[in-house]
Amino acid sequence: MRVEGKPFRTVWLDGQTRSVKIIDQTRLPHEFASLSINTVFEAAHAIKTMQVRGAPLIGVTAAYGMALAMRTDASDTNLDSACAILAGARPTAVNLRWAIDSMRRHLLALPLAEREQAGFAHAGAITEQDVELCQAIGGHGLGLIRAAAARKPGQRVNVLTHCNAGWLATVDWGTATAPIYKAHDEGIALHIWVDETRPRNQGASLTAWELGQHGVPHTIIVDNAGGHLMQHGEVDLVIVGTDRTTASGDVCNKIGTYLKALAAQDNGVPFYVAAPSPSIDFTIEDGIAEVPIETRSAREITHITGLGADGQIETVCISPAGSSALNYAFDVTPARLVTGLITERGVISATRDALAKAFPECIGKRS
Ligand code: MRU
C-alpha cells in the first residue's frame, strides 16, 4: 500500500545492511519511522513491544527472526532456542506458531551451511504467501461489499471494523481491509466506522491512518458506539480480523470483538471475519476454553499516549493512582455469532464441516 503516495510493505530486507526492516508501529500515526532488526532477540523484542503487531505480521517477523538466528549460528541447538525465544513473544495469534513451525521443519531438513540462505528464502516465501492470501481474501470479500452496494443504490456502504486488521497487521493489503481497498479502488462508495480499540487504540491510530493514506472515507468512533449505530441502520456489515479461529469456527480477536458480534446479531447486521488459513488453529475446537488470552500491562489502561500541544509525543495518566486495572487483550466470539469466514478459498460458514471441506489438508495437522 502507499504512504504519502510511495509504495510500502510493513517488512522488507535491506540489501546493503542485510538487516530486516520494519515500520515502527508504536510511533504511528504521528511519526512514520522504520527500524532495523538484526538478531532473533530484536525480532522477539519488536513483537513483544508491538513495534510490529497483527497476527500475520507477527508470523512473518518471527520467520525473519529465525533466518537471522541462522546467520549467527545454524546449529540445531540454536534453531530450537530461536523457536523458544520467538514463541514466547506473544501467546494468542496462532500465526506465530505456524510460521515458527514452518521455518523449523524447513531448516532442520537442511545441512548447516545452507540454513542461513534457506532461512531468508523461506521467510521470503512466507512473506509473499501472506500477500497472496490477503489479496484472495480481498477478492472474496469484495463480493460481499458489492452485494451490499447493490442493495442500496446511490448510497454509500457502511462497514464497521475493530482494531487494525489492515495492511499494517499483515505484509500488504490487510485481511479485513483487503475487501475495503478493493471495493474503494473499483469506485464503490464506502465509509468505514473505525472502532478506536482501547486500550492501545490500534483503530484510532493505525486503521484510521492507513485508510486515510489510501483515501478511504472513515470515521473514528468509541468502542461502545457500534451498537447504537447498528440500531439506527448505520452499519451494513462488520468485517474484523482474527488471531486464532478454531476448527469449529470460534473466533479469537482483539478485546471487544465479541460485543460487536452480539450487537450485530441483535440488529441483523452481517458479521464477517477475514481469516487467512495460517490464523486457523485446526488443533483446537472450543475457543473460550482453549485459546490462550494475552494479558498485557495495566499501564496500557491507566495511561494514554498522544501528541502534545508542543508537537511532542507524550504519555499521561488518566486514572487515580490507587486504582488497579486488568488488561485482557483478546476475546472469543462464538461461531454462532459469525455470519461467515472470508478465507483465501472463499466465504464459508463458521462451522467445523465448512472449515474441514475448505481445508481438508489441515485436518489432523498441528500446523
Ligand atoms: O494486539 P494486536 O494489535 O496484535 O491485535 C491485532 C488484532 O486483533 C487483529 O484484528 C488480528 O491480529 C488480525 S490482523 C489481520
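## Ser319 and its setting

A residue is termed buried under 20% relative accessible area, exposed over 50%, and partly exposed in between. In this predicted model, Ser319 has a relative accessibility of 23% and therefore counts as partly exposed. Ser319 belongs to the loop that runs between β16 (313-317) and β17 (327-328). Although Ser319 and Arg299 are 20 residues apart along the chain, a distance of 10.0 Å separates their C-alpha atoms.

## The ligand site

The ligand is surrounded by 19 residues, and the closest are Arg53, Ala55, Arg90, Asn253 and Lys254. Among these closest residues, Lys254 places a polar side-chain atom 2.7 Å from an oxygen atom of the ligand. Ala55 approaches through its backbone, with an N or O atom 2.9 Å from a ligand oxygen. For Asp243, a polar side-chain atom lies 3.0 Å from an oxygen atom of the ligand. Taken alone, the ligand would expose 410 Å², and the protein buries 100% of that area.

## Glu344, a buried acidic residue

Glu344 is located in the loop between β19 (340-343) and β20 (346-348). Glu344 is buried yet takes part in no salt bridge. The nearest side chain of opposite charge is that of Arg345, at 4.9 Å, whereas a salt bridge requires a side-chain nitrogen of Lys or Arg within 4 Å of a carboxyl oxygen of Asp or Glu.

What does the side chain of Glu344 meet in a polar contact? Its partner is the side chain of Ser277, at 2.5 Å. Leaving aside residues up to four places away in sequence, Glu344 also touches Leu133, Ala136, Ile137, His140, Ala275, Pro276 and Phe359, in addition to Ser277.

## Salt bridges at helix α5

The structure contains 17 salt bridges. One of them joins the side chains of Glu128 and Arg9, with an N to O distance of 2.8 Å. This pair links distant parts of the chain, 119 residues apart: Glu128 is in helix α5 (residues 112-150), and Arg9 is in the loop between β2 (6-7) and β3 (11-14). Glu128 has a relative accessible area of 37% and is partly exposed. Arg9 is likewise partly exposed, at 27%.

A salt bridge also forms between Arg18 and Glu116, whose closest N and O atoms are 2.7 Å apart. Arg18 lies in the loop between β3 and β4 (19-23) and Glu116 in helix α5, so this pair ties together parts that are 98 residues apart in sequence. Arg18 is partly exposed, with a relative accessible area of 45%, and Glu116 is partly exposed, with a value of 24%.

## A buried pair and a network

Are the partners in the salt bridge between Lys152 and Asp236 buried or exposed? Lys152 has a relative accessibility of 13% and counts as buried. Asp236, at 18%, counts as buried as well. The side chains of Lys152 and Asp236 meet with an N to O distance of 2.8 Å. Lys152 is in the loop between α5 and β6 (157-161), and Asp236 is in the loop between α8 (226-231) and β9 (237-240), so their salt bridge ties together parts that are 84 residues apart in sequence.

Salt bridges that share partners also join Arg90, Arg200, Glu294, Arg296 and Glu300 into one network. Arg90, a member of this network, is also one of the residues closest to the ligand.

Definitions and conventions
Residues numbered from 1 in each chain as written. Predicted model: local features only at pLDDT ≥ 70, side-chain atom pairs only at ≥ 80, totals over all residues. Heavy atoms only, no water. Helix = DSSP H or I, 4+ residues; strand = E, 2+ residues; numbered from the N terminus. Buried < 20%, exposed > 50% of the residue type's maximum accessible area, 1.4 Å probe, protein only. Lys, Arg positive; Asp, Glu negative; His and termini not counted. Polar contact = N/O pair within 3.5 Å; in protein donor to acceptor, adjacent residues only side chain to side chain. Contact = heavy atoms within 4.5 Å. Near = heavy atom within 4 Å. Areas by Shrake-Rupley, 256 points an atom, 1.4 Å probe, with all protein chains shown as cover.
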